[in-house]
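Biologist: Could you walk me through this one? I'd like to start with charged side chains and then jump around a bit.

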Amino acid sequence: MNMAMRSQLLKGILEGCILSIIHKESVYGYELSQKLQAFGLNDVSEGSIYPILLRLQKEQFIEGEMRPSPTGPKRKYYKTTEKGLEALIAFQQEWNSIQKPVETIINWGLN
Amino acid sequence: MHAKQLIEENNLKRNQLTEENEKYYEDMLIYIRTHLFISEQQTEELVMELLDHLIEAQEAGKSAQDVFGDDPKTYCDDMIKHLPKEKGKSAAVFIGYLILQFLGFFALASGAVTIIASFFTQVNPSIAIGSSLLTFIIDAGVIFAAIAFIFVWIRRSMFKRSNKIKDGIVIGSISAFTMAIFIFCPRLMPSFGYRIEIGGYDYLLAGLAIMVISKIINRKFQITQ
């Protein structure tokens, strides 16, 4: 798949995933990228989380706070806001409603 | 943490990068920082986050290109468009502070030149307020325009193999043009407006007063702390 198509497809989905991870526990940037990879999203370039984090902050879905990390130095930790939780629930509903049909259509088309 | 502290910390931490990663990171840093109308605080928090990430990734054996991709310009533009704008008030205070500083230097320099010149020749102590004010406004405008142009030029030359000679010629010409305006503008300006008598020591006194005022404003609004 070419880069442009890939990034279009990934952007919205990645936003939902990031919101979900941050809602589960407060993380900083590097940790977040490691979590995404641990879940199997290996092909997502690590840096691509930052434009998304900025957008989520602008929408007031998440907030950053500087505090010391377990290894010592200060890091910016993110947590979801009330508005962010609403957005996450909306994303989940949206995803559930399209996931099955999309899978079915793609498999049907290729058969 | 305040933006100024973040900048100092950033300068220290960058030393931990390998030469190749440092080059990649510094291009991004300059590109993002030369966008003057985005919030300085938010900008510095972002570039610090990117630096922290790169340092951790480097320890895991990854390069800046692995982390941030092959197209740093598009990547940076994608972040810049989400950063909040600098608040109108703090931008206005900052520009006001710069104008005041410039006015202070202007007065001190005029004072020094007048006093030194008066040892050798007869100095006419009267100036026309209207034309002096207009000269000052033009000089200040030209300085701001030159700085803005140089910033845009630096930003445009990031991420590509820059041509040192071309950069030198462009920035040299801008500086020469600015100097020319400074020298010829007061000479060619027809004098108009109310005339007042002002000697070298008056200039020095006014310059000092303006510098003190700008120091107080700086302390109050924490412009350069």
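Modeller: Let me begin with B:Lys81, which counts as exposed at 52% relative accessibility (exposed is over 50% relative accessible area, buried under 20%, partly exposed in between, with a 1.4 Å probe and protein chains only). This is a predicted model, where local features need pLDDT of at least 70 and side-chain atom pairs count only at pLDDT 80 or more, while totals for chains, interfaces and linings use all residues. Side-chain values use heavy atoms, without hydrogens and water, residues are numbered from 1 along each chain as its sequence is written, and chains are lettered from A and ligands numbered from 1 in the order in which they are written.

Biologist: Which residue does B:Lys81 form a salt bridge with?

Modeller: The partner is B:Asp78, with the closest N and O atoms 2.8 Å apart; a salt bridge here is a side-chain nitrogen of Lys or Arg within 4 Å of a carboxyl oxygen of Asp or Glu.

Biologist: And is B:Asp78 buried or exposed?

Modeller: B:Asp78 counts as buried, at 16% relative accessibility. Elsewhere, salt bridges that share partners link A:Arg75, B:Glu9, B:Lys13, B:Asp52 and B:Glu56 in one network.

Biologist: How many salt bridges are there over all chains?

Modeller: The search of the whole structure finds 17, including one between the side chains of A:Arg55 and A:Glu59, at 3.3 Å from N to O. A:Arg55 is partly exposed at 27%, and A:Glu59 is partly exposed at 31%.

Biologist: Switching topic, at what angle do the H3 helices of chains A and B cross?

Modeller: Helix H3 of chain A (residues 49-58) and helix H3 of chain B (residues 40-59) cross at roughly 145°, and their axes come within 12 Å. Axes are lines fitted to C-alpha atoms, for helices over the stretch in contact, and angles run from 0 to 180 degrees between N-to-C directions; helices (H or I, at least four residues) and strands (E, at least two) are DSSP runs, numbered from the N terminus.

Biologist: Which residues make that contact?

Modeller: From H3(A) they are A:Ile49, A:Tyr50, A:Leu53 and A:Leu54, and from H3(B) they are B:Leu46, B:Glu49, B:Leu50 and B:His53, where contact means heavy atoms within 4.5 Å.

Biologist: What about A:Gln60, where does that residue lie?

Modeller: A:Gln60 lies in the loop between H3 and strand E2 (62-68) of chain A, and its phi is near 60°, a positive value in a residue other than glycine. For context, most residues other than glycine have a negative phi.
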